[in-house]
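Work through these short exercises with the model open. Try each task before reading its solution.

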Amino acid sequence: MSQFLSMLLLVTAVFLTVCFGVAAWRLTDEKDLDVTGQIARQSYGWKAPPTR
C-alpha cells in the first residue's frame, strides 16, 4: 500500500509539473504579455529616489 501511495504521489507531481509548465509556456508564447513584471529601480531599495 505504501508503494502504491508513493507512485500515486509521484505521478501526481509529474502531472502537475507538466500542466503548469505547459501553461507557462503558452503564456510566454504570447508576445504582447509581459510575465516578468518589470520593477522600477526605486523599489529595489539600493537607489534613492530622485530629489527635486
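**Exercise 1: V18**

V18 sits in helix 1, which covers residues 2-29. The model is a predicted one.

Task: Decide whether V18 is buried, partly exposed or exposed.

Solution. Step one: take the relative accessible area of V18, which is 48%. Step two: recall the cut-offs, with buried under 20% and exposed over 50%. Step three: V18 is therefore partly exposed, because 48% falls in between.

Task: Find which nonpolar patch includes V18.

Solution. Step one: list the members, M7, L10, V14, V18, V22 and W25. Step two: give their accessible area together, about 600 Å². This patch lies on the surface.

**Exercise 2: S6**

Task: Place S6 and find what its side chain reaches.

Solution. Step one: locate S6 in helix 1. Step two: classify S6; its relative accessibility is 44%, so S6 counts as partly exposed. Step three: follow the side chain of S6 to the backbone oxygen of S2, at 3.0 Å. That distance is within the 3.5 Å limit for a polar contact.

**Exercise 3: The whole protein**

Task: State how many helices and strands there are, and what share of residues is buried.

Solution. Step one: count one helix and zero strands. Step two: take the 52 residues; buried ones make up 0%. Step three: add the surface, with about 5400 Å² accessible. Carbon and sulfur atoms hold 66% of that area.

Conventions:
Residues are numbered from 1 along each chain as its sequence is written. This is a predicted model: local features need pLDDT of at least 70, side-chain atom pairs count only at pLDDT 80 or more; totals for chains, interfaces and linings use all residues. Side-chain values use heavy atoms; hydrogens and water are left out. Patches are made of residues with over 30% relative accessible area and no salt bridge: like charges are joined within 9 Å, nonpolar side chains (Val, Leu, Ile, Met, Phe, Trp, Tyr) within 5 Å. Accessible areas come from the Shrake-Rupley method with a 1.4 Å probe; for residues, only the protein chains shown count as cover. A salt bridge is a side-chain nitrogen of Lys or Arg within 4 Å of a carboxyl oxygen of Asp or Glu. Helices (H or I, at least four residues) and strands (E, at least two) are DSSP runs, numbered from the N terminus. Buried means under 20% relative accessible area, exposed over 50%, partly exposed in between (1.4 Å probe, protein chains only). A polar contact is a pair of N or O atoms within 3.5 Å; within protein, one must be able to donate a hydrogen and the other to accept it, and residues adjacent in sequence count only if both atoms are side-chain atoms.
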